[in-house]
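I opened the model to see how the chains meet, then went through the sheets and the odd backbone angles. My notes follow in the order I looked things up.

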Amino acid sequence: MVDSSRTGATAYRPRRLGLADRSRPYRVVLASRMRSQRSYRLNFGIDLFSSFVVGFVELAEVWLLFHNAPVIGGMDFRQILLVFGIGDLSWSLASLVFGHVDNLATYLRLGTLDVFYLRPQPLLLQLVTSDISLRRLTRAAVGLGALVVGLRANDIAWSPTHVALLLMTLVSAAITYAGTYVWAAGVQFFVVAGSELTNSVVYGGRYAATQVAAVWSAPLTVLFGYVFPMAMTAYVPTLVLLGLPAPAGLPAWLGWCTPVFAVWMWVFGLVMWRSGVRHYQGGGG
Amino acid sequence: MSIDGPDIVIETTGLTRVFTRRAGRGLRSLRRTALTAVDDLTLRVDAGEAVGYIGANGAGKSTTIKMLVGILVPSAGSVRTCGLDPVRDRRILARHVGVVFGQRSQLWWDLPVRESFAILAAIHRLRPSDATAREEELVARLEMGGYLDTPVRQLSLGQRMRAEVAAALLHRPRLVILDEPTIGLDVLSKQRLRQFLLAERAAHGTTLLLTTHDMGDIERLCDRVVLVDHGRAVHDGDLAGLARTVGARRELVVDLLAPSPDLVGIPHTVHLMSDGGGIRQRLAFDADATTAAQVLAAVASRAEVRDLTIEEPDIEDVVRRVYEASGRDR
């Protein structure tokens with residue numbers, strides 16, 4: 001191996017690093033990204049506002065749907081509000097941190113990824129921490145608002161188990177969505193104009209997550225219930241919270257298995273990412 | 001340095017990279033065509049060398065660089081950079097190599113230059129005191145003091161390139177790879193950058209690998225030239241040797257005392273032109289087959305010489321010949 005005295009890289013400290021030291025390069029990048037986003041105040045304000053509007057329109061769309069058909073697939077608007085709140089809040093938080101990851105096609109075109117190769121850090125970690133989308137905060141606020149209203153509007157027999165289920169669901173859902181972003185990035189190594197395809201999973205998936213999965217056809221249930229476990233991020237746990245009957249193909253007990261689906265989505269995502277990197281480097285991927 | 005010889009910074013053996021592309025469209029695209037971008041390249045660069053890696057567009061220069069730093073996996077052959085396997089040890093290697101891509105930036109376009117440096121120092125885990133000292137050295141040598149607080153997107157190309165070079169050198173890499181660093185720069189900016197690279201090499205013994213289409217870069221910075229053509233190294237040696245490889249000739253210009261007939265028929269020499277009714281004549285000669293003295297003696301036997309100059313082959317011309325030759329069978 002190369003030691004630093006031989007290479008003249010005297011500035012490099014080969015010693016054991018603590019978490020604070022290890023994360024420092026990433027924190028420095030993220031801090032500067034946040035500073036730079038906020039430094040263009042007007043721009044930042046517009047971004048925050050438009051992100052809020054998008055979230056609000058999504059919510060209005062659900063309301064409109066239920067305004068015309070008060071009960072869909074055994075759920076009314078108050079109940080779907082809870083699904084929407086859980087799904088949208090966790091999706092917005094995942095997008096805040098991971099949202100730019102599915103811009104990989106752009107990174108490839110601009111050569112940014114080659115620059116990542118020149119730095120002594122894992123590629124995916126660099127990609128994730130290369131940016132942060134603060135504008136999603138207002139979107140998350142819409143989700144949080146829907147969640148709070150949804151929790152109050154529904155008659156939930158609260159117990160410590162219910163609280164644990166809700167918290168576990170929010171965390172697992174955010175992790176699941178993050179996994180879909182990683183999956184989408186991996187796909188884009190193979191398909192040059194892959195964002196159309198991956199958008200259908202990432203944004204289509206988010207849309208599906210805030211819908212009543214009971215009305216889905218069997219193929220859709222397989223796709224967004226299990227392969228990309230969107231129904232598990234909000235709909236199925238909500239059935240458990242509210243004590244509603246579960247539709248065929250999506251048993252309610254799966255509402256307790258959200259961490260398993262989060263792990264699955266990350267395995268799926270990382271396998272896709274790894275094979276994408278292999279493909280990019282031409283190592284027989 | 002090790003005891004048993006110079007330190008090897010780059011070592012490739014039979015390095016080959018083949019790209020496969022789908023031919024045709026749709027479902028019939030299963031047929032693939034193979035393009036060999038780098039073909040059986042064996043190259044060794046010792047510590048402290050400055051090597052110009054030249055060739056026409058598409059000759060395989062960038063592909064080679066990508067294999068040297070671990071972006072691409074070789075199809076065949078082996079590569080070691082700073083004694084490491086670039087793909088497997090990419091993250092360790094990144095601490096020892098600095099790369100400047102003329103066409104892509106490693107700075108943060110919306111941040112001031114100073115902040116980009118601070119981030120890179122953190123990324124490379126430089127000690128704060130080391131980072132400060134190094135940054136001051138680079139800022140002084142590259143004359144960047146005036147725009148450290150300017151966002152990168154507001155810099156001129158010349159300013160940005162200097163910042164790019166500083167960014168690549170901040171962690172004191174032992175190998176610096178520059179991919180067309182002077183592209184688009186004006187004369188003064190080029191000169192500054194070259195002077196800096198010479199000084200950096202003198203001060204730290206940095207190894208340089210440089211791809212460029214600017215022969216001034218090669219003439220001023222490199223003591224060795226590797227010419228690639230269709231992925232193969234067709235010349236590895238000094239510039240003069242390159243001129244001989246492509247058959248570029250030295251030229252002798254003689255001013256005669258009186259107008260004389262064209263000086264034709266001198267062995268290994270071609271008469272190029274005569275001016276002033278034959279007062280000034282230009283002869284090209286093959287430096288491998290004859291010497292300037294022999295040619296001059298032959299001229300002097302026919303006419304009285306008043307003055308003379310000998311012109312070395314123009315490097316631009318040398319490379320143009322190579323590129324043209326390679327273009328013909330493309």
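**Entry 1: a helix pair across the chains**

In which hand does helix 2 of chain A pass helix 3 of chain B? I found a left-handed crossing. A reminder to myself before going on: this is a predicted model.

Next I checked the geometry of the pair. Helix 2 of chain A covers residues 19-39 and helix 3 of chain B covers residues 113-123. Their axes come within 8 Å and cross at roughly 160°. Angles over 145 degrees count as roughly antiparallel, and therefore helix 2 of chain A and helix 3 of chain B are roughly antiparallel to each other.

Then I listed who meets whom. From helix 2 of chain A I noted A:Arg24, A:Pro25, A:Val28, A:Val29 and A:Ser32. Facing them in helix 3 of chain B are B:Glu115, B:Ala118, B:Ile119, B:Ala122 and B:Ile123. By class, this helix contact has seven nonpolar residues, one polar and two charged.

**Entry 2: the whole chain contact**

I zoomed out to the full contact between the chains. On the chain B side 36 residues are involved, and they touch 25 residues of chain A. Which elements of chain B give two or more residues to this side? I got helix 2 (90-93), strand 5, helix 3 and helix 4 (128-141) of chain B. Helix 3 of chain B gives the most, with five residues. The side of chain B that touches chain A splits into 17 nonpolar, seven polar and twelve charged residues.

**Entry 3: chain B overall**

I took stock of chain B before going into its sheets. I count ten helices and 13 strands in it. The C-alpha trace spans about 75 × 60 × 50 Å along its principal axes. Of the 330 residues in chain B, 42% are buried. I also looked at contacts between residues at least 6 apart in sequence: 67% of these join residues at least 24 apart.

**Entry 4: the six-stranded sheet**

In chain B I traced an open sheet of six strands in the order 5-6-7-3-8-9, with mixed pairing. Why is one side of strand 5 and of strand 9 left without a neighbour in the sheet? Strand 5 (97-101) and strand 9 (232-237) of chain B stand at the edges and have a single partner strand each, so nothing in the sheet flanks their other side. From one strand to the next, the twist averages 15°.

I picked one pair for a closer look. Strand 6 (residues 175-179) and strand 7 (residues 207-211) of chain B run parallel and are joined by five bridges. As one example, B:Leu178 has B:Leu210 in strand 7 as its bridge partner.

I also noted what lies on this sheet. Helix 1 (residues 61-69) of chain B lies across strand 3 (50-54), strand 5, strand 6, strand 7 and strand 8 (224-229) of chain B. Against strand 6 of chain B, helix 1 runs at about 150°.

**Entry 5: the four-stranded sheet**

Chain B has another open sheet, of four strands in the order 11-12-10-13, and its pairing is antiparallel. Strand 11 (269-275) and strand 13 (305-311) of chain B are the edge strands, each pairing on one side only. Direction ignored, neighbouring strands here are turned by 20° against each other on average.

I followed strand 13 of chain B into its pairing. With strand 10 (residues 250-256) of chain B it forms six bridges in the antiparallel sense. Among the partners, B:Leu256 goes with B:Val305, and B:Leu252 goes with B:Ile310. How many of the seven residues of strand 13 of chain B are buried? I got zero, so to speak a bare count: strand 13 of chain B is hardly covered.

**Entry 6: positive phi**

Last, I looked for unusual backbone angles. Most residues other than glycine have a negative phi. B:Arg125 has a positive phi, near 50°, and sits in the loop between helix 3 and helix 4 of chain B. B:Glu143 also has a positive phi near 50°, in the loop between helix 4 and helix 5 (157-169) of chain B.

Which of them is buried and which is exposed? B:Arg125 is buried, because 20 other C-beta atoms lie within 10 Å. B:Glu143 is exposed, because its count within 10 Å is 12.

Definitions and conventions. Residues are numbered from 1 along each chain as its sequence is written. Chains are lettered from A and ligands numbered from 1 in the order in which they are written. This is a predicted model: local features need pLDDT of at least 70, side-chain atom pairs count only at pLDDT 80 or more; totals for chains, interfaces and linings use all residues. Axes are lines fitted to C-alpha atoms, for helices over the stretch in contact, and angles run from 0 to 180 degrees between N-to-C directions. Angles under 35 degrees count as roughly parallel, over 145 as roughly antiparallel, 65 to 115 as roughly perpendicular and the rest as oblique. A crossing is left-handed if the near helix is turned anticlockwise from the far one by less than a right angle, and right-handed if clockwise. Two residues are in contact if their C-beta atoms, placed from the backbone, lie within 7 Å. Ala, Val, Leu, Ile, Met, Phe, Trp, Tyr, Cys and Pro count as nonpolar, Asp, Glu, Lys and Arg as charged, and the others, Gly among them, as polar. Two strands pair if DSSP finds at least two bridges between them.
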